[in-house]
Amino acid sequence: MARLNTPVMLKINDITVGYGAITAVKGLTLEVREGEIVSLIGSNGAGKSTTLRTVSGLLKPKTGSIEFLGERIDGVAGHDVVAKGICHSPEGRRIFPKMTVDENLDLGAFLRKDAAAVKESRERVLELFPRLRERINQKAGTMSGGEQQMLAVGRALMGDPKLLVLDEPSMGLAPVLVDLIFETIETIRKSGVTILLVEQNALAALRIADYAYVLESGHLKLEGDGSKLADDPAIAQAYLGG
Amino acid sequence: MTSVASGVARKKVKLSAILMKISMLFIIGVAVYWLGLNLFKDPIQFASVTVNGLTNGMLYALIALGYTLVYGIIELINFAHGDLFMLGSVFSFAILTEALGATEPSTKNYVLLLLVLLLTMLFCAILNVTIERLAYRRLRNAPRLAPLITAVGMSFVLQWVGLKWVGSVPVNVPTVLPSTSFGFGGVEFSFKAVAIFAVTIPLLIVLTFIVNKTRRGRAMRATAQDKDASRLMGIDVNKTISFTFAIAGAAAGAAGIMYAQTIGTVAYNLGFQLGLIAFTSAVLGGVGNLYGAVIGGIIIGLIQSYNDGLPIGPGQRWSQTMVFAILILLMVYRPGGLLGETAQEKV
């Protein structure tokens, strides 16, 4: 798939991010356009999750800027970034294990005031993941990995995002569920949500992406249309296991 | 070879589990026998000792709630919490008794008591929020020991404030509550006990309602489980932690004024003793669990009261020993506390 010709939604401009003395992302520039699926791939420790955490305001970039819908959001606190329309389903799911599925979904809509619209989102999420409806009153921590992942994505959707940030949604899942998750990501995009995706499963991530960036030790290594990168033999060798 | 070894190991585990059960049943049996003996010997005495234990237990529960709320949200044993309770009692004494001159039962003074109750709760809430801001917040990502030691230091600071405020000798508080009592089927209920129930029960209900049913409470429970994930939900984690300290402080303040008005003394070192008991209550019930703190407080109040007041019993000298012996026993059988989660190892 090729890059869409729509306005830029998220623009990351030359950011450097680190934890203490360690620099995890160095001079990264990338953009996400409205309606796109953009994938960020790379090996472990390449700086993918760090980039997403910076977008969501959990980390502050040392240099550079991040613009969302024309507004600077670097240095804005995490809870205020959510209010601007960026919802993040974090690495390792990070659902609230002692709460029920229902309460987890409610928390996803924590900042939304319009009860009717929240109810509508809830219906949409439960249609997307019928499994969650069956488990609605179950403690989230007692569910299987796949169900927890559905909950993590569903919870992020409850925030009615303009940009949905997904970090490793297929991690640790059975192959059947991996396919389901990727299908769902495409369904979500069709409903008008822009998606920034980080994945270890590089091939699948490139196939559904309009545009993709390849990170290596915190640097941008390559970028291009998702399908082109998926067919690139150099990429195949480095990231797709030959 | 290996299968034999594992078979032996399994047998050992089973045996010790059975022993644990038998010893636990034995201990419970002894306790029930002792209580039953007293109940038959003097049922009326038994009933009034129970009322007395519940009264103390309610106060412990209010303080224990603060330990458990704060531990639940930032995993800090807030050693200064008992001293916050002490400052609450001192503050109420300074305002109600000294400034407003309410020293005897009257309708006007009851109204003043209610007003000062609210004021004391507010005072302790603000103080607790300030303590968190100044001392604990900057240490949130520091190693665990740092905030713990800071809490101990904060406890000394608050004690010093109390010392400067009321001096080193316990001060008698002429209470607004009448010391009369009324009989009910032979059991004497003091008005003070009724007042404590009237204040603590609604407060405990309101507090658990806030934590379990409101939006703020939901934010608290989420923050307690996962701070980063909560931020991603749009929850302001700092504000939520401040709110938790405010609730914990308000509960300690309410306990403080009720203590001053029912026991009738305030002293700068009150916080250490009651704080220890309340902390024990929180651990007994399962630290981090709201209902656990309440149940733990009531149980310790009852243990103390039964121990001190029953006709056949060890007597007051053994009060602390009994409380902590039961705590230790409980920790042996339920390491996580009564309602706490048993620590599960993740595989």
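Among contacts in chain A between residues at least 6 apart in sequence, 67% join residues at least 24 apart; two residues are in contact if their C-beta atoms, placed from the backbone, lie within 7 Å. The model is predicted, so local features need pLDDT of at least 70 and side-chain atom pairs count only at pLDDT 80 or more, while totals for chains, interfaces and linings use all residues. Residues are numbered from 1 along each chain as its sequence is written, and chains are lettered from A, with ligands numbered from 1, in the order in which they are written.

**The two chains**

In chain B, residues 24 or more positions apart account for 76% of the contacts with a separation of 6 or more. Helices (H or I, at least four residues) and strands (E, at least two) are DSSP runs, numbered from the N terminus. A residue is buried if 20 or more other C-beta atoms lie within 10 Å of its own, exposed if 12 or fewer, and partly exposed in between, with C-beta atoms placed from the backbone.

| Chain | Helices and strands | Buried residues | C-alpha span along principal axes |
|---|---|---|---|
| chain A | 10 helices, 10 strands | 46% of the 242 residues | about 45 × 40 × 40 Å |
| chain B | 12 helices, 4 strands | 46% of the 347 residues | about 80 × 60 × 40 Å |

The radius of gyration is taken over C-alpha atoms, and the globule rule is 2.2 Å times the number of residues to the power 0.38. For chain B the radius of gyration is 22 Å, close to the 20 Å from the globule rule for 347 residues, so chain B is as compact as a globular protein of that length. Chain A has 17 Å, which agrees with the value near 18 Å for a compact globule of 242 residues.

**Strand pairing**

Two strands pair if DSSP finds at least two bridges between them. In chain A, 4 strands form an open sheet with antiparallel pairing, in the order 2-1-4-5. Its edge strands are strand 2 (22-33) and strand 5 (71-72) of chain A, each of which pairs on one side only. Strand 1 (residues 8-19) and strand 4 (residues 63-68) of chain A run antiparallel and are joined by 5 bridges. One of the residues involved is A:L10, whose bridge partner in strand 4 of chain A is A:F68.

Strand 4 and strand 5 of chain A are paired in the antiparallel sense over 2 bridges, and A:E67 stands opposite A:R72 in strand 5 of chain A. The hairpin of these strands has 2 residues between them, and A:L69 takes a positive phi near 50°.

Chain B also has a hairpin, formed by strand 2 and strand 3 with 2 residues between them; in its turn, B:G185 has a positive phi of about 60°. Strand 2 (residues 181-184) and strand 3 (residues 187-190) of chain B pair in the antiparallel sense over 4 bridges. The bridge partner of B:F182 in strand 3 of chain B is B:F189.

**Contact between the chains**

Across the interface, 14 residues of chain B are in contact with 20 residues of chain A. On the chain B side, helix 7 (215-225) and helix 8 (227-232) each supply at least two residues. Helix 7 of chain B gives the largest share of that side, 5 residues. By class, the side of chain B that touches chain A has 6 nonpolar, 2 polar and 6 charged residues. Here Ala, Val, Leu, Ile, Met, Phe, Trp, Tyr, Cys and Pro count as nonpolar, Asp, Glu, Lys and Arg as charged, and the others, Gly among them, as polar.

Helix 7 of chain B has 8 of its 11 residues buried, so this helix is largely enclosed by the rest of the structure. Among the buried residues are B:G217, B:R218 and B:R221. The buried residues of helix 7 of chain B pack against helix 3 (101-108) of chain A, together with helix 2, helix 6 (191-213), helix 8 and helix 9 (237-263) of chain B.

**Nonpolar core**

A nonpolar core is a set of buried Ala, Val, Leu, Ile, Met, Phe, Trp, Tyr and Cys residues joined through C-beta atoms within 7 Å. The largest has 170 residues, and those with the most contacts inside it are A:L197, B:L65, B:A251 and B:A254. Helix 2 (residues 43-74) of chain B provides the largest share of this core, 16 residues. Not counting residues up to four places away in sequence, B:A251 touches B:L62, B:L65, B:G66, B:L203 and B:L207.
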